[in-house]
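Me: I should like to learn how features such as ring pairs and salt bridges are read from a set of coordinates. Could we work through one case together?

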Amino acid sequence: MSINKYLSVSIFTLAFFSVSIFPVSAQSNSIIIDAPPELGVGSEFDVDFSLNSEEKVNAFEFRIDYNPRELSFVALDDSASEVDVWAERAPTTGPGSVVLKGGFLSRRDGVIKIITARFAAKNTFAGKTLISAKTGSVFLADGLATRRNLPDSEASINFSTKELPTSVVTDDNGPPTIENVKVIKDPFDEKNLILAFGARDS
């Protein structure tokens with residue numbers, strides 16, 4: 001083999017391993033938190049959580065964190081959620097955290113409404129508090145359920161003693177519409193089958 005051919009092979013090999021060791025960065029995916037910026041002391045309020053995904057996904061998971069000395073968790077409202085299958089949606093890790101895991105009947109991307117969480121501020125608390133989305137992941141609809149980690153997100157809310165609204169919630173007492181009832185593979189464990197359906201509320 002000539003020196004020129006040897007150098008060509010060596011450069012190609014180096015380039016190949018460089019691509020393998022240092023993969024191209026993943027697409028940008030994140031949790032969007034929509035919360036009122038300022039409220040009166042003792043307010044009850046809703047916070048919307050959405051997934052912004054630039055890749056096709058079929059499942060997600062993340063944890064909502066809040067300070068239980070400043071806020072009380074009231075309830076979850078999925079009446080406007082675009083999630084088709086829930087694996088977990090409960091404050092299972094104790095005060096200060098709510099774990100969410102869910103999936104979709106079809107491959108999804110773009111901005112996807114996940115859930116609305118209702119909180120109440122402690123009557124004795126005034127100042128800024130944070131509500132965060134942490135330890136999140138999405139699972140790509142690529143046939144391998146490739147996991148992509150999500151960056152942590154947070155929203156800041158200021159509770160003031162000024163004259164401000166003390167209730168920012170949306171009450172909907174109408175029944176939801178059940179649709180798309182199917183038996184599908186569990187997006188978190190494809191060995192299992194689950195009954196899935198959509199509940200839509202206008």
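Reply: The turns below take up ring pairs, salt bridges and two single residues. Please keep in mind that this is a predicted model.

Me: Let us begin with the aromatic rings. How many aromatic pairs does a search of the whole structure find?

Reply: The search finds nine aromatic pairs. One of them joins Phe60 and Phe104, with 5.9 Å from centre to centre and 35 degrees between the planes, and this pair is tilted.

Me: Which strands hold Phe60 and Phe104?

Reply: Phe60 belongs to strand S3 (residues 44–66) and Phe104 to strand S6 (residues 97–121), so their pair ties together parts that are 44 residues apart in sequence.

Me: Are Phe60 and Phe104 buried or exposed?

Reply: The idea is to compare the relative accessible area with a cut-off, and buried means under 20%. Phe60 counts as buried because its relative accessibility is 1%. Phe104 has a relative accessible area of 5%, so Phe104 is buried.

Me: How is the pair of Phe73 and Phe119 classed, and why?

Reply: The angle between the planes decides, and planes over 60 degrees apart count as edge-to-face. The ring centres of Phe73 and Phe119 are 6.0 Å apart and their planes stand at 70 degrees, so this pair is edge-to-face. Phe73 lies in strand S4 (residues 71–77) and Phe119 in strand S6, so the pair ties together parts that are 46 residues apart in sequence. Phe73 counts as partly exposed, at 22% relative accessibility, whereas Phe119 counts as buried, at 0%.

Me: Which residues do ring pairs link into a cluster?

Reply: The cluster consists of Phe45, Tyr66, Phe73, Phe119, Phe125 and Phe159, linked by ring pairs.

Me: Which residue lies over the face of Phe104?

Reply: Arg108 does, at 5.9 Å from the ring centre. Phe104 therefore takes part in a tilted pair with Phe60 and also has Arg108 over its face, because a charge counts as sitting over a ring if NZ of Lys or CZ of Arg is within 6 Å of the ring centre and within 35 degrees of the ring normal.

Me: Let us turn to charges. What is the general idea behind a salt bridge, and what does the count come to here?

Reply: Side chains of opposite charge can pair when their charged atoms come close. In this structure the count comes to ten salt bridges. Among them is that of Arg147 with Glu61, whose closest N and O atoms are 2.8 Å apart. Arg147 lies in strand S8 (residues 147–149) and Glu61 in strand S3, so this pair ties together parts that are 86 residues apart in sequence. Arg147 counts as partly exposed, at 46% relative accessibility, while Glu61 counts as buried, at 14%.

Me: What is the distance between the closest N and O atoms of Arg63 and Asp65?

Reply: In that salt bridge the closest N and O atoms are 2.6 Å apart. Arg63 is partly exposed, with a relative accessible area of 23%, and Asp65 is buried, with 14%.

Me: Where do Lys101 and Glu88 lie?

Reply: Their side chains meet in a salt bridge at 3.9 Å, N to O. Lys101 is in strand S6 and Glu88 in strand S5 (residues 85–90), so the pair ties together parts that are 13 residues apart in sequence. Lys101 counts as partly exposed, at 28% relative accessibility, and Glu88 counts as partly exposed, at 22%. Elsewhere, salt bridges that share partners join Glu44, Asp46 and Arg118 into one network.

Me: How should a single residue be read? Where does Ser153 lie, and is it buried or exposed?

Reply: One proceeds from location to accessibility and then to contacts. Ser153 lies in strand S9 (residues 153–160) and is buried, with a relative accessible area of 14%. A polar atom of the Ser153 side chain lies 2.8 Å from the backbone oxygen of Ile31. With neighbours within four places in sequence left aside, Ser153 is in contact with Ile31, Ile33, Ile131, Ser132 and Ala133.

Me: What do the same steps give for Thr161?

Reply: Thr161 is found in the loop between S9 and strand S10 (167–168). Thr161 is exposed, with a relative accessible area of 71%. Not counting residues up to four places away in sequence, Thr161 touches Val41 and Ala126. The C-alpha atoms of Thr161 and Val41 are separated by 5.9 Å, although these residues are 120 residues apart along the chain.

Definitions and conventions. Residues numbered from 1 in each chain as written. Predicted model: local features only at pLDDT ≥ 70, side-chain atom pairs only at ≥ 80, totals over all residues. Heavy atoms only, no water. Helix = DSSP H or I, 4+ residues; strand = E, 2+ residues; numbered from the N terminus. Buried < 20%, exposed > 50% of the residue type's maximum accessible area, 1.4 Å probe, protein only. Polar contact = N/O pair within 3.5 Å; in protein donor to acceptor, adjacent residues only side chain to side chain. Contact = heavy atoms within 4.5 Å. Phe/Tyr/Trp six-rings, centres within 6.5 Å; stacked < 30°, edge-to-face > 60°. Salt bridge = Lys/Arg side-chain N within 4 Å of Asp/Glu carboxyl O.
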